[in-house]
Amino acid sequence: MADRSLENLDEETRKLLDAIAASETLEALRDAEPSLVGKRSVLAAWQKSLGAMEPEARREAGTRLQESRRRVQSALEDRRQSLAKEDRDRVLLADRLDLGDVVVRDVRAALGAGHPSLVAVTQRELEDVFVAMGFTVAEGPEVETDWFNFEALNIPPAHPSRGLWDTFYVDLGEPETVVLRTHTSPTQIHLMEEAVASDSLPIHSVMPGRCYRRDSPDARHLATFHQIEGLVVDESMTFADLAGVIESFTRSYFGSGVTSRLRPGYFPFTEPSAEFEVTCTLCRGAGCRTCSHTGWIELGGCGMLDQAVLEAVGIDGERWSGFAFGFGIDRCAQMRHELTDMRALVENDVRFLEQFS
Amino acid sequence: MRVSLNWLREFVDLPESAETLRPILDDLGLVVEEVCHTGGGLEQVVVARVEEIRPIQGADRIRLVTVEAGEGPVEIVCGAMNFDVGAHVPLAPVGSVLPGGVVIAERTMRGVTSHGMLCSARELGLGDGQDGLMVLDSYVNPVPGESLSEVLRVGPDAIFDISVEGNRPDAWSIEGVARDLAARLGRPRRTPVVATSPSTTKTSNYAQAGIDDSKLCGRFTVTALRHVTVGPSPPWVVERLTRAGVRPISNVVDASNLVMLELGQPTHPYDADLVAGRSLRARRARPGELLTTLDGVERTLAVKGRGLGDTGEDCVIVDGDDVVVGLAGIMGGASSEISPTTTDVLLEAAYFDPMAIARSSKRHGLRSEASHRFERGVDPNLALRAAARFVAVLTESSPDLEWLSDPLDVWGYVPEPSTIELRDGDVERLLGVEVPLDDATSLLSALGFVVTGSGTALVVTAPTNRPDVRSSAAGRADVIEEIARLYGYSRLPRRTPSWPNAGGLTARQRLRRRLRDVVVDGGALEVWTPSLGGDDDFERVNPSVERVRVTNPFSLDESVLRATLLTGMVRAWVKNYDRGVGDVVLAEFGVVFYHPNTTSQPRITKGGLRGSLSLALPRENERATVLFGRREDDARVAVATWHRVASRLGLADVVVRTSADALPGLHPTRSAVLEDRSSGAVLGYVGEVDPSLVGALEGPSHRRLGILDLDVDALCDPSRATRRSGKVRDPSRFPSAIFDLAFVVPEVVNAQDLAYSLGRSHEYVESVVLFDSFRSSSLATDSRGLAYAIRLSSAVGTLNDDDVVAARSSLIEAAATLGAVLR
């Protein structure tokens, strides 16, 4: 009969821990495991002998035994992990490659045609049209404060018109004061504030960019999408100039068979405001299901800059006037390429991506 | 808003079809989303009088009913039991088609033939009454043979689904839409019938009303009605409500809803006996007050909300014991609800501060038809007309009610309508077309604007239903928009403006285009992966790094702004790999976000109310990342691609340098930083994706994925990404001396650093190109062999042997200073 005294348990535990530490490889550790913690291990034998003890002694011995088992188990796990890491490090080291040593002319890669994304292609085409019309291209950040995304655009806090933009709030500053921009319009505010600060009016710019709305994605909408916004601040700009710019753009981008029309709309940052529609590109204006048999497709919004916006950025509304317009880049792509479901744009299926140039 | 054409026709003559009116409404800015035709199927249904009822042998659930419908007796088999001889009921004769499309034919049951069908309200689409036939006697005085739709004043209708813009509170009613149509079409407009003869008892002898906070409540009226019979509404009311999408409840509630739809004034009926002291007052809620609203939810009032400038103010209605009985303008309380036993009614019609309603509605997450209207601004002058219309509607189904005279009418603060001066030329300055002031006057007058003055200046005062019209210059634009709207946007001219400034792209935009072109030309497919990801994905690449969170994400998987494009791209690749199309190169251009606490350059910008605070926002970093997933791709391909990109972008010298620290998400021993030699700036990373990351994203971790991750901001910054000099370097016209040098080089020395030293070791060195690197046990430990092809030349003459020998020893000497030994 083995010695089952508690002093001996400590001694046996030490031996087990030494055995674990002495295992040099994962294989060795795996082979040793049954003798360390398995049914035939010393600890298991100890466990069996508890039954023969007096209740009080059993309780104490049981506690000690549990403690020993816990130590052995955790040593085993630690050892396993460190051996695994050593293994991994060995593999990584064997795999090591000093990328400075790469001999470029020896690298052979397949010749394959690449493709820009549909959004990138569309954005470039749109930019090119506007650049040819005399616009510069400006960009702005995607995380904005309430001031740029809403308040400076004449949308005060809690104003019901905020319901037009389902907003993602960012966990910075006071609650609900930092947002993922819901439109590219805050870039207008940046541009105007900068132009005022540097005394560099007029402005003729378009602003493409990514926007976010907390809106369930469907065939026509994504929660993340791209807009392009136009802003003109100059002397003696009128609604007729706005309508003319929209029409020039429409013909230039969609082709000569397509024209535009305006109808009254509402945006807090423009007055008068308008929605602009273009000839349905599917039926060329004859009327079809896509355009609800009207011959027109709504593309975006526009209007003359509201006095409240000019005031917010410190532009003298007596001297300067201007207009803004905006619409979805993805929507344009959808119209032009007869994309049935917008969600394909974020699916990133290679068979979809291969089609654009 | 659902607008019935029949209802509009009560306000203005509209012989046009719905299809003709649609573009007119569109052009007025009342955009029709959809037109839907309804109420058909009643054309052939007539009134029938029950003459005789006989049992059918062997059947106890059906009876044989003989009716008179103007053309002699007709026998019908009927299963309903809720009528007697003499009752008037609807008859659908043989051959008629009911609203649901059911065709009525002769049917024989138990040997008896039925020549038509007697109908329930539900079968006619006129309500959901389940208890038998629609008995007509309680509503009207029907005559057998008369058309049912005429008797009930219901019939075919077109419903416009109009989206009313936020600046048109006046159009949020049938009367409002009719007003625009009448003005555009130049037709007179009718107003609905209102009650005119109250009893001699004064309301003040019966009830009380008051305003305690005149800022929150601008007008508060209470109308008292006694001896009201609560019951169902007449069919025309039910039909109007149903077609507008409002569920009929009882004649009192329905009349209130009808008036709101018709005139735009929300009203609220209280059971007078359940209002303590029959007293209603509007006041500011005290913090912590409780109210159980009609939807059964208990709400704590006047608690400061989220969002800028929300102080938590709620306007409430209290009874004579100062107990809250309703959330003003949004929803009533459950305690004083109209019930079938209600006999006396207090009707509240009020004007509340729009912004206060908007804040309360948002804070309590409670939106109602009433709050929608109040927060956009209800006409403060409308209250008593709406109450009188309510009485007229209710009297039809409760003819014995008593309407007390002189309704209670208390005023608080109501904004004055704006007055704007419109000078000659103002219209042209904004619209680019001259609209004569006389024409402007008549257009505006049709909408209720009061226009005085003439000649060179008009003074225009907005009607009280147009709170959207502001004062001064902003208000001038508001008024001119109204002129343009009625004049017709389609008639406004177009002019293509021009300006002397040239358009164009910035240097950054041009560089980005070039970068995209070179990456795509190298075979990459451009993807678009989500900007918002999950914590797990973030943690996999940037463990324990503070991240930018969205507080109201759709799901936790879309709650963190990405700090790398890597995870999204690996996921996109793995998805394609699983589809069997993983043999591709992917690229993405996009922004990543670093929490302001984790970057030395947060974006400092204007925040807070009125932009009065300075706030640190995330640093947004544009990156271009290329993932090489083709079968043979690895870090080498990524490096070779980088050299191609760098050359195409005209970068002077960027070292591919192995980093002592692991790079986030990259392979620990097969990755490097791209370091600009002269600025020392990091322009990106190159190598392979960490195989454990590929495994964690459920991809094949045995597959090598090359990666090139470029910092576009750095590439576009000339102080970080050093460009080659724009000055042309003339190639030497004399022959070059070409030879190879192979060195044994300590591992710690970078091959490009060595090439750089070699290149500067002698004036004749034209180029130094690495053409071989090799490892062998025969070399010194921690060393490898590097072989360079050297070209020497001189601009002034042919090199002789001495020149070459001298240059060669300079080269070897320079290598020795880095510890490299000629092999």
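In chain A of this predicted model, helix α10(A) is followed by A:Glu338, a residue with a positive phi near 50°. That makes a handy way in, as most residues other than glycine have a negative phi, and most peptide bonds are trans. Below are a few more backbone oddities, a helix pair, and some salt bridges, including one that runs between chains, from B:Arg495 to A:Asp241.

**Helix α10 of chain A**

- The helix just before A:Glu338 spans residues 329-337 and is mostly covered, with 7 of its 9 residues buried.
- The buried ones are A:Ile329, A:Asp330, A:Arg331, A:Cys332, A:Ala333, A:Gln334 and A:Met335.

**Backbone oddities in chain A**

- A:Arg284 isn't a glycine, yet its phi is positive, at about 55°. Look for A:Arg284 in the loop between β7 and β8 (296-305) of chain A. With a relative accessible area of 48%, A:Arg284 is partly exposed.
- A:His293 is another non-glycine with a positive phi, this one about 60°. The loop between β7 and β8 of chain A is home to A:His293 too. Here the relative accessible area is 60%, so A:His293 counts as exposed.
- Now for the cis peptides: A:Leu201 and A:Pro202 are joined by one, with omega at about 5°. A:Pro202 sits in the loop between α7 (185-197) and β4 (203-212) of chain A.
- A:Glu271 to A:Pro272 is also a cis peptide bond, its omega near -5°. A:Pro272 belongs to strand β7 (residues 270-279) of chain A.

**How α3 and α4 of chain A pack**

- Two packed helices are described by the angle between their axes and the distance between the axes. For helix α3 (residues 42-49) and helix α4 (residues 55-95) of chain A, the axes come within 11 Å and cross at roughly 165°. Because of that angle, α3(A) is roughly antiparallel to α4(A).
- As for handedness, α3(A) and α4(A) make a left-handed crossing.
- From α3(A), the residues in the contact are A:Leu43, A:Ala44, A:Trp46 and A:Gln47, and they meet A:Leu65, A:Ser68, A:Arg69 and A:Val72 of α4(A). Sorted by type, the residues of this contact come out as 5 nonpolar, 2 polar and 1 charged.
- An α-helix has 3.6 residues a turn, so residues three or four places apart point the same way. Keep that in mind when you look at A:Leu65, A:Ser68, A:Arg69 and A:Val72 on the α4(A) side.

**Salt bridges**

- Side chains of opposite charge can pair when their charged atoms come close. Over all chains, a search of the whole structure turns up 100 salt bridges.
- Here's one that links the chains: B:Arg495 pairs with A:Asp241, and their closest N and O atoms are 2.6 Å apart. On the chain B side, B:Arg495 comes from the loop between α12 (472-487) and α13 (507-521), while A:Asp241 is in helix α8 (residues 239-254) of chain A.
- The two partners differ in how covered they are: B:Arg495 is partly exposed at 43% relative accessible area, whereas A:Asp241 is buried at 0%.
- Within chain B, B:Arg286 forms a salt bridge with B:Glu289, where the closest N and O atoms are 3.6 Å apart. B:Arg286 is partly exposed, at 41% relative accessible area, and B:Glu289 is buried, at 14%.
- B:Asp426 and B:Arg423 make a salt bridge as well, at 3.3 Å from N to O. B:Asp426 is buried, with a relative accessible area of 5%, while B:Arg423 is partly exposed, with 33%.
- Some salt bridges share partners, and one such network joins B:Arg168, B:Asp170, B:Asp180, B:Arg466, B:Asp468, B:Glu482 and B:Arg485.

**A loop serine in chain B**

- B:Ser368 is placed in the loop between α7 (354-363) and α8 (369-376) of chain B.
- Buried means under 20% relative accessible area, so B:Ser368 qualifies with its 13%.
- Set aside the neighbours within four places in sequence, and B:Ser368 is in contact with B:Gly329 and B:Ile330.

How values were computed
Residues numbered from 1 in each chain as written. Chains lettered and ligands numbered in written order. Predicted model: local features only at pLDDT ≥ 70, side-chain atom pairs only at ≥ 80, totals over all residues. Heavy atoms only, no water. Axes fitted to C-alpha atoms, helices over the stretch in contact; angles between N-to-C directions. Helix = DSSP H or I, 4+ residues; strand = E, 2+ residues; numbered from the N terminus. Parallel < 35°, antiparallel > 145°, perpendicular 65-115°, else oblique. Left-handed = near helix turned anticlockwise from the far one by under 90°. Contact = heavy atoms within 4.5 Å. Nonpolar A, V, L, I, M, F, W, Y, C, P; charged D, E, K, R; others polar. Salt bridge = Lys/Arg side-chain N within 4 Å of Asp/Glu carboxyl O. Buried < 20%, exposed > 50% of the residue type's maximum accessible area, 1.4 Å probe, protein only.
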